[in-house]
Each structure stands twice: as C-alpha cells, then as structure tokens.
Amino acid sequence: MKKLFQIIPLLLLFSWVSLSPVTSVYAEGENDTENKEIDISITPTDTLFEVSNMKPGDWAPRTITVKNIGSKDFEYQMQLQNSGDEKLFNELLLEIKANDEQLYQDKLANFKSLPIRKLATGNEENLEVTIRFPEHLGNEFQALQSSFAFTFTAQGNESEPVQEEIIGQISSLGSPMSPGGPILPDSSTNLINYLLLCGALVVGGIVMVIIIYYRKLRLVQ
C-alpha cells in the first residue's frame with residue numbers, strides 16, 4: 001500500500017507538468033489581450049443577422065456595440081462585403097444610426113463604409129442597424145438568400161490596424177436557412193480536448209496502478 005501512495009503523487013506531478021505549458025500559454029494570451037494599445041470589441045461577437053422567411057415589408061433591427069478595450073484612443077471604420085448571391089443582396093435596404101444621428105440610409109449593396117468614427121479608450125457606442133425588405137419586390141425574390149459580413153477596423157497613431165468581423169444572413173420567404181457566411185473558428189476546442197485527454201490519462205494510470213497492486217496482493221496471499 002505504501003508503494004501505491006508513492007506512485008500516485010508522481011502521477012499527479014506528471015499531470016501538472018503536462019498541463020502547465022497549456023495554461024501558461026493561455027494566460028499569456030490573456031495578458032497580451034489586456035496589454036494591447038489598440039483593441040476593439042464588437043457585440044454580438046459573430047452573427048448579427050440570421051433572419052429566415054423574410055417577406056416584402058418586413059424589417060429586422062439590430063444593435064452593434066463597439067467598445068474600445070485598448071489603452072489608447074482609436075478611429076474605426078465599418079465596411080461591408082457580400083459573400084453570397086447578389087440578386088436579393090442588391091435590393092435589400094440598410095439603415096445605420098448612432099445616438100439618433102442618421103449615418104446611412106440606402107441600399108445594402110451601395111454601402112461601402114461608414115465615415116471614420118473616433119472612440120476614446122474605455123468608451124463604447126451603439127450602432128442601430130436595420131435591414132428592410134422593400135415592399136415592391138415581387139415573387140421573383142422568393143426563396144432567395146443573402147449573406148454578407150461587416151468588418152470593423154480600428155487604428156491609432158503609428159499602430160497596426162485591428163479588425164473584427166460580424167456576419168449577416170437574410171433568407172426570403174420559402175428559402176431554408178443554410179450556412180452562407182464565413183465560418184468562424186472555435187479556438188477553445190483544441191485546448192479543452194487536450195485537457196480532457198491529459199485528465200483521462202492520469203485517471204487511467206491511477207486505476208491501472210490500483211488494479212496491479214491488488215493483483216499482486218492476491219498472489220502474495
């Protein structure tokens with residue numbers, strides 16, 4: 001039994017040594033984020049619009065919260081890129097407001113970018129974004145889908161630009177929703193899998209040591 005208690009601490013030590021590089025890298029990544037001079041945060045983080053069965057006369061309002069989470073003031077721009085079919089995309093209407101100020105009101109396809117906006121460190125602002133399905137569109141616009149992405153670029157004096165992206169997807173009446181925008185990576189999946197694997201190996205090693213010990217104990221008896 002003494003040998004068993006001597007081996008278990010060794011297994012736990014091996015587990016700690018195996019996991020410490022991963023946790024250290026993860027912590028360093030968090031520190032890098034905290035120490036950035038220019039850093040922008042967008043809420044929601046990935047998908048802004050995911051609207052199905054939209055029909056003429058419908059509209060979809062959303063709010064984008066832009067935050068300056070860096071240590072310095074920056075200027076940012078908002079741009080739009082089509083990533084799907086153009087037929088419906090070319091007809092949808094887009095409205096953007098900030099603090100009751102009308103920033104844009106025209107077709108979605110005509111939007112290039114917002115005028116440069118300034119945001120002080122620690123501050124945030126809300127952009128009220130609305131997509132409208134024009135009432136005059138006929139049956140030829142049924143069962144269509146439009147996919148697009150808004151890209152936010154923040155930049156300060158003598159610093160590299162930082163970008164964040166948020167996607168949108170609009171399906172007209174009769175069209176099933178399907179993945180049309182860019183697929184965002186899940187950066188946490190590999191870390192979680194690695195931690196689970198290490199934990200399983202440690203537990204499995206302890207169980208094997210216990211089984212071997214009791215088998216030897218029976219043979220001795």
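The following conversation concerns two sheets and a pocket in a predicted model.

Q: What kind of model is this, and how are its residues numbered?
A: It is a predicted model, in which local features need pLDDT of at least 70, side-chain atom pairs count only at pLDDT 80 or more, and totals for chains, interfaces and linings use all residues. Residues are numbered from 1 along each chain as its sequence is written, and side-chain values use heavy atoms, with hydrogens and water left out.

Q: In what order do the strands of the sheet with E1 stand?
A: The order is E1-E3-E8-E5-E6, an open sheet of 5 strands with antiparallel pairing. Strands (E, at least two residues) are DSSP runs numbered from the N terminus, and two strands pair if DSSP finds at least two bridges between them.

Q: Which strands are at its edges?
A: Strand E1 (40-43) and strand E6 (101-107) are the edge strands, each pairing on one side only. On average, neighbouring strands of this sheet are turned by 20° against each other, direction ignored; the axes are lines fitted to C-alpha atoms, and angles run from 0 to 180 degrees between N-to-C directions.

Q: How many bridges join E5 to E6?
A: Strand E5 (residues 93-98) is joined to E6 by 6 bridges. Ile 96 has Tyr 104 as its bridge partner in E6, and Glu 95 stands opposite Gln 105. E5 and E6 form a hairpin with 2 residues between them, and Asn 99 in the turn has a positive phi of about 55°.

Q: What about E5 and E8: how many bridges there?
A: E5 pairs with strand E8 (residues 124-132) over 5 bridges, in the antiparallel sense. Leu 94 stands opposite Ile 131 in E8.

Q: Now the other sheet: what is the order around E9?
A: That open sheet also has 5 strands, in the order E2-E10-E9-E4-E7, and its pairing is mixed. Its edge strands are E2 (47-54) and E7 (117-119). E4 and E9 run antiparallel and are joined by 8 bridges, with Glu 75 opposite Gln 155 in E9.

Q: Which residues lie nearest the centre of the largest pocket?
A: Phe 74, Glu 75, Ala 154, Gln 155 and Gly 156 do, out of 15 lining residues. On a 1 Å grid over the protein atoms alone, a pocket is an open set of points where a 1.4 Å probe fits, with protein on both sides within 12 Å along at least five of seven lines; lining residues have an atom within 4 Å of a point.

Q: Which strand gives the largest share of the lining?
A: E4 does, with 5 residues. Strand E4 (74-82) and strand E9 (145-155) each supply at least two residues.

Definitions and conventions: Helices (H or I, at least four residues) and strands (E, at least two) are DSSP runs, numbered from the N terminus.
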